[in-house]
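User: I am new to this structure. Please take a close look at one helix near the end of the chain and its surroundings.

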Amino acid sequence: MKAQKSGLHPRNRHQNRYDLTELCAANPALRPFLTLNPAGEQTINFADPQAVKALNQALLSHFYGVASWDIPEGFLCPPVPGRADYVHHLADLLAEAAGEVPRNASVLDIGTGANCIYPLIGAHEYGWRFTGSEVNAQALASAQAIVNGNTGLSRQIRLRRQKSAEAILVGIIHKNEQYDATMCNPPFHDSEAAVRQGSERKRRNLGQDKDDAANFGGQQQELWCEGGEVAFISKMIAESQQFGRQVMWFTSLVSRGDNLPFLYRALTEAGAVKVVKKEMSQGQKQSRFIAWSFMNDEQRRRFASRPR
């Protein structure tokens, strides 16, 4: 029942297959969604958004002490183990300048979403303080409800509305604020049609009929933008130049490896001093994030050791 998952960060709490008995104890609402796979083992139907949400509630409660978590219908329900991996690899990156994983880091989560997943994991695992930005009013309200519904989180997580749909960092990073890092899970499709094609692939992989109405979740801002992730991250790179002394590391997930050459070129043109790629994997799924800084090694060491 507890076969090893390959590739996850050593500090990731999800190294083994889910212990559904423990998770049902953490969230009894998960129990009705249990089913058997062809091998006769207990599992859930990962094509059922309500089952996946109940699983996430259990994971966040059991592993991260999140007593209250919910998202509105139709919003992205994130895979917790993969999201945790980004946090842990970012912690290793911050440790390079600090000498150890910092417990007082300040992190900006760009597009925190209705689920607020990165702040929840980072606050629990490392005690980091988060600012979460969000352009969608309903998503922001959902994230705020999660923060308000869990004792102590309001001291670690603050949320800000991005008032301009055309901006990413501008309007969010205030004058004289400093962040150890930014995080971002950008919209990776370039059109609504591409989103539908991706959903069709998921349905086929899960053995569903073409007309199955399963909702895999995600609003337009979460899933696609004109030009896809290359356009979104390129805009973030361009904006990041003006905050190069306020942020030690800018980072973003990159879903497609063949997009990296375009982004590296944009980083060179922007004058990034240091660029790092962190590879991540979960079973057969490969992912990565890129990080860039406008500070040299000594400047990052001084930044990391600044008074908090």
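Analyst: What follows looks at helix H10, then at a loop and the nonpolar cores. The model is predicted.

Start with helix H10, which spans residues 297-304. Which of its residues are buried? They are Arg300, Phe303 and Ala304. Viewed down the axis of H10, these buried residues fall within an arc of 95°, so they line one face of the helix. Several elements help to cover them. Among them are helix H3 and strand S6 (179-184). Strands S7 (247-253), S8 (274-282) and S9 (285-293) also take part.

Now look at the start of H10. There, a side-chain oxygen of asparagine 296 comes to within 3.2 Å of the backbone nitrogen of glutamate 298.

Two of the covering strands, S8 and S9, have a loop between them, and glycine 283 sits in that loop. Glycine 283 counts as partly exposed because its relative accessibility is 31%, between the 20% and 50% cut-offs. Its C-alpha lies 8.2 Å from that of leucine 8, although the two are 275 residues apart in sequence.

Helix H3 leads on to the core. The largest nonpolar core has 61 residues. Its largest share, ten residues, comes from H3 (residues 80-98). Leu30, Leu120 and Trp128 have the most contacts inside this core. Beyond its neighbours within four places in sequence, leucine 30 touches Leu20, Leu23, Cys24, Ile44, Ala51, Ala54, Leu55 and Ala58. A second, separate core has 25 residues, including Ile110, Phe232, Ile233 and Trp292.

How values were computed. Residues are numbered from 1 along each chain as its sequence is written. This is a predicted model: local features need pLDDT of at least 70, side-chain atom pairs count only at pLDDT 80 or more; totals for chains, interfaces and linings use all residues. Side-chain values use heavy atoms; hydrogens and water are left out. A nonpolar core is a set of buried Ala, Val, Leu, Ile, Met, Phe, Trp, Tyr and Cys residues joined through side-chain atoms within 4.5 Å. Buried means under 20% relative accessible area, exposed over 50%, partly exposed in between (1.4 Å probe, protein chains only). Helices (H or I, at least four residues) and strands (E, at least two) are DSSP runs, numbered from the N terminus. Contact means heavy atoms within 4.5 Å. The arc is that of the directions from the helix axis to the C-beta atoms. A polar contact is a pair of N or O atoms within 3.5 Å; within protein, one must be able to donate a hydrogen and the other to accept it, and residues adjacent in sequence count only if both atoms are side-chain atoms.
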